[in-house]
Amino acid sequence: MGGTTLEIFKFGMYIMFPIGWMYYFGTNLENRFAVPDFWPAPETTHKIPFEREELKAELERLRARRLAGRARRLQEEQSQGRAEGEG
């Protein structure tokens with residue numbers, strides 16, 4: 001039907017299309033597909049403490065946060081208990 005020229009053209013398309021596709025998406029990735037400010041800045045991320053003093057300070061901060069939440073929860077439970085006793 002098409003002859004040799006058509007077969008050569010088809011073979012060239014079969015070979016060149018994937019190569020062109022990989023070349024288009026594989027080059028200059030940083031500028032073409034980058035989203036500005038996608039990753040947070042290092043100064044805004046959580047920093048893992050490594051020194052003994054930093055670890056103690058972090059543990060104290062977590063303990064104070066936990067105790068504050070516990071005190072708030074107990075206060076809410078007491079106020080709900082009073083409201084149920086009155087009503």
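**Charged and aromatic contacts in a predicted model**

User: Which residues form the positive surface patch in this predicted model?
Analyst: The model is predicted. One member of the patch, R70, is found in helix 3, which spans residues 52-86. R70 has a relative accessible area of 45% and is therefore partly exposed. The positive surface patch is formed by R66, R70, R72 and R73.

User: How many salt bridges does the count come to?
Analyst: K10 forms a salt bridge with E7, and the side chains of E58 and R61 meet in another. E60 also forms a salt bridge, with R63 as its partner. The count comes to three.

User: How far apart are the closest N and O atoms of K10 and E7?
Analyst: Both residues lie in helix 1 (residues 3-26), three residues apart, about one turn of the helix. K10 is partly exposed at 30% relative accessibility, and E7 is partly exposed at 45%. A salt bridge requires a nitrogen-to-oxygen distance within 4 Å. For K10 and E7 the closest N and O atoms are 3.5 Å apart.

User: What is the N to O distance in the salt bridge of E58 and R61?
Analyst: E58 and R61 are three residues apart in helix 3, so about one helical turn separates them. E58 counts as partly exposed at 22% relative accessibility, and R61 is partly exposed at 42%. Their side chains meet with an N to O distance of 2.6 Å.

User: Which residue forms a salt bridge with E60?
Analyst: The partner lies in helix 3 together with E60, three residues away, about one turn of the helix. E60 is partly exposed, with a relative accessible area of 48%; the partner is partly exposed as well, with 38%. The closest N and O atoms of the pair are 2.7 Å apart, and the partner is R63.

User: Is the ring pair of F38 and W39 stacked or edge-to-face?
Analyst: A search of the whole structure finds four aromatic pairs. In the pair of F38 and W39, the ring centres are 4.9 Å apart and the planes stand at 80°. Planes over 60 degrees apart count as edge-to-face, so the pair of F38 and W39 is edge-to-face.

User: Which residues do ring pairs link into a cluster?
Analyst: A pair of aromatic rings is described by the distance of the centres and the angle of the planes. Ring pairs link four residues into a cluster: F17, W21, Y24 and F25.

User: What is the phi of D37 near?
Analyst: D37 lies in the loop between helix 2 (29-32) and helix 3, and D37 is exposed, with a relative accessible area of 78%. Most residues other than glycine have a negative phi. The phi of D37 is positive, near 60°.

Terms used: Residues numbered from 1 in each chain as written. Predicted model: local features only at pLDDT ≥ 70, side-chain atom pairs only at ≥ 80, totals over all residues. Heavy atoms only, no water. Patch = residues over 30% accessible without salt bridge, like charges linked within 9 Å, V, L, I, M, F, W, Y side chains within 5 Å. Areas by Shrake-Rupley, 256 points an atom, 1.4 Å probe, with all protein chains shown as cover. Lys, Arg positive; Asp, Glu negative; His and termini not counted. Charge placed at Lys NZ, Arg CZ, Asp CG, Glu CD. Helix = DSSP H or I, 4+ residues; strand = E, 2+ residues; numbered from the N terminus. Buried < 20%, exposed > 50% of the residue type's maximum accessible area, 1.4 Å probe, protein only. Phe/Tyr/Trp six-rings, centres within 6.5 Å; stacked < 30°, edge-to-face > 60°.
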